[in-house]
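Please open the structure in a viewer and set the display to cartoon. The stops below give one selection at a time, followed by a description of what is found there.

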Amino acid sequence: MTNAVLEVRNLKVAFPAPGGVIRAVEGIDLTTKKGECVALVGESGCGKSVTALSVMKLLRTPPSVSRIDELRLDGRDLTHLPERDMERIRGKDMAMIFQDAMTALNPVMTVGKQIDEVYRRHTKLSRKQARKETVKALELVGVPEARSRADSFPHELSGGMRQRVLIALAFACMPKLIIADEPTTSLDVTIQAQVLDVLKSMQRDHDVSALLITHDLSVVANMADTVYVMYSGKIVERAAVLELFTDPWHPYTEGLLASVPRLSDDKQAFVQIPDTVPHPMHKPDGCYFHPRCSHGGPRCEQHMPRLQTLQNGRQIRCWHPLHQERVT
Amino acid sequence: MTVNGNWQHASNPLLEMEGVSVNFPVKRAYPFSKRRWIQAVTDVSLKISEGETFGIVGESGCGKSTLGNAMIGMIRPTAGAVRFQGQDLYALKPKAFKEARRSMQMIFQDPFSSLNPRFSVYDIIKEPMHIRGGASEAEMKAKVLELLKLVGLDEEDLYRNPSDFSGGQRQRIGIARAIVLNPKFLICDEPVSGLDVSVHAQIMNLLMEIQESRNLTYVFISHNLAVVKNICQNVLVMYLGKVMEAGTSDALFANPQHPYTKALLSAVLDVDVERSHDRILLEGDTPSPIDPPQGCRFWQRCPFAMNGCRTIPAELVELEDGHQIACHLVSGFPPDQTAAGLDRPVSA
């Protein structure tokens, strides 16, 4: 076994829907190394959150139908692990940070009690010791006056503080893997910067792997080491963060990067990708991106390209990548 | 309170606000307890000239949407005046007010809640014309079809319901509805923040095309500084209901003076992975607009706060070319106050 913390092989998820089947995730492979922050980027409906939930085995089946060839956490095979054992792993070995802290936290329980619960469930600490750890955990994520804040209810805290509580909750038992699903989307820019800083230092200092799910490329640029770009249920590109941002190979990645307005440029018009994401029930033939792609050829309309793995782990799914000569 | 009154040198502004404040009452905790007020907007003056794009920037709760609503007559200000084409909007007779309101429209943030789910696209876009009256069904239909084409939707979409459309398409419907009465003045309240990344650029480009072809004036309310920088000529930075800094977009972004503007700019995460910058991280959260801090509204989070900032409100002063800023760091304290030690850093 290599130093991979999370290994996902060939994950497929589908939802039955009136009038057809929605194939949300169509065969995804993911690997996270120890201490690495891997980002999964894509637009809404591309299957990134479903992937996160499947990794945690939190997706209800039925209604969803999911198939996975291999799911390993730090070498341990979780593929066919029963729910009872999963409960012991969730919160201890892997934990999740959700987008909306107001719905993720229990509104009728103090935040301290909610974190205590993690310790009480997964360790043999007494109530008093658990509270001590809780206060420590809250201090670690920069909650001021942690001892008294632990007795407040979620609605008494501000958005940024609530998100910090969620981070403390996830890091309580120092898991091997943290999955953060849009951790800062609902926050203001100055608060977002604070929370991302906390998340990053927690992850780096304690050498925890992270899977960051987001649609925000600027968050990716500041947090991730490796990036997977998803489009309509498939991975279209994987690269180290610097390579991806300076030299994207997939036309979709290039389009996404170009459409983000930057403070440093003086464009009058915005570069746009035409059209919208295909409906998950009516995906086009061939490459899913071809109706919106400017580089396409006749082959793109008929056949879905394979995900090719190139030197230094870079992966690309495209018939006509932007740097043809280097790929072939 | 503005020093020169008009910080933009517009001689004949389309819209002018003078010392506008908006307060909302807070529900009393007990029947006879003292009434408290949310000071959503405090003493804002501005001028918007015809054809420009005016940006309002700030974090949530800073009063930017309230200010936008006060501009088009949706919220009556507690104090101050709003003049549209020279007329005091809130002194108009109901009939004239309605007339003026027709030339001011709004595009909303959330395309899912701003369209009636039971209406067809045709009903939604026709509604403003229907209310105004004086147009036959055929005229209205022709106009709606023309607009649908303009915003990039098909003729066959006419009788479909909003639920059949994606977020980007719904926002296009919202735009068509806003321009159906040929307004002069359009408020875009975070028009793209509810949409997917790859659709942002489409909607922004559409808005700019429409502005050019119809000579519209936009007020663009956003928290995305990069977008504001690219499309706005003048920008207003707000914090807790007050103007912190204002000026032309070029001056403000090239040479930000206010600590809050600087922090806001440095907090923007950029996609330039190679460019590393020192970020000014603000501590704490925005205070509550109920009983906002005395003195400068920003002092509690300001990394450069001085003793005087706690008690003396910072007045807007003009630097050059209409670049205005409300900060004691820039304007300084009078000599007698300096002697009292007001310009020393706040001791922790």
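## The sheet of chain B

Begin with B:T53, which stands opposite B:Y218 in β8(B). This model is predicted, and the pair belongs to a parallel ladder in which five bridges join β3(B) to strand β8 of chain B, residues 217-222.

Widen the selection to the whole sheet. Its eight strands form an open arrangement with mixed pairing, in the order β6-β7-β8-β3-β9-β10-β12-β11 of chain B. Its edge strands are β6 (104-107) and β11 (317-318) of chain B, each of which pairs on one side only.

Add helix α5 of chain B, residues 167-179. This helix packs on the sheet, where it touches β6 and β7 (185-189) of chain B. The direction of α5(B) makes about 175° with that of β6(B).

## An antiparallel group in chain B

Next, select strand β1 (residues 15-25) and strand β4 (residues 79-84) of chain B, which pair in the antiparallel sense over five bridges. Within β4(B), B:A79 is the residue opposite B:S21.

Continue to strand β5 of chain B, residues 87-88, whose antiparallel pairing with β4(B) covers two bridges. Here B:F84 stands opposite B:Q87 in β5(B). The two strands, β4(B) and β5(B), form a hairpin with two residues between them. Select B:Q85 in the turn and inspect its backbone: phi is positive, at about 50°.

## The sheet of chain A

Move to chain A and select β2, β1, β4 and β5, which in that order make an open sheet of four strands with antiparallel pairing. Which strands stand at the edges? They are β2 (20-33) and β5 (76-77) of chain A; each has a single partner strand, so one side of each is left without a neighbour in the sheet.

At one edge, two bridges join strand β4 of chain A (residues 65-73) to β5(A), and the two run antiparallel. The bridge partner of A:R72 in β5(A) is A:D77.

Then show helix α1 of chain A, residues 48-55, which packs on the sheet and touches β1 (4-17), β2 and β4 of chain A. Its direction makes about 115° with that of β1(A).

## Helix α4 of chain A

Select residues 111-122 of chain A. This is helix α4, with twelve residues; from its first C-alpha to its last it reaches 17 Å, close to the 16 Å expected at 1.5 Å a residue. Display the side chains of its buried residues, which are A:V111, A:G112, A:Q114, A:I115, A:D116, A:V118 and A:Y119. These buried residues of α4(A) pack against α5 (127-140) and α7 (159-171) of chain A.

## Where the chains meet

Show both chains together and select the contact, which takes 34 residues from chain B and 38 residues from chain A. On the side of chain B that touches chain A, the elements giving two or more residues are α6 (197-214), α7 (225-231) and α9 (259-267) of chain B. Of these, α6(B) gives the most, with nine residues. By class, this side of chain B has 17 nonpolar, nine polar and eight charged residues.

## Confidence

Finally, colour by pLDDT. The model scores ipTM 0.75 and pTM 0.83. Chain B averages a pLDDT of 86, and 93% of the residues score at least 70. Within chain B, confidence is highest in strand β3 (residues 53-57), at 94, and lowest in helix α11 (residues 335-339), at a mean of 71. Over residues 1-7 of chain B the pLDDT is below 50, although this stretch has 17 contacts in the model beyond near neighbours in sequence. Where pLDDT is low, the predicted coordinates should not be read in detail.

Key: Residues numbered from 1 in each chain as written. Chains lettered and ligands numbered in written order. Predicted model: local features only at pLDDT ≥ 70, side-chain atom pairs only at ≥ 80, totals over all residues. Contact = placed C-beta atoms within 7 Å. Nonpolar A, V, L, I, M, F, W, Y, C, P; charged D, E, K, R; others polar. Expected span 1.5 Å × (residues − 1). Buried ≥ 20, exposed ≤ 12 C-beta atoms within 10 Å, placed from the backbone. pLDDT = per-residue confidence, 0-100. Pairing = 2+ DSSP bridges. Axes fitted to C-alpha atoms, helices over the stretch in contact; angles between N-to-C directions.
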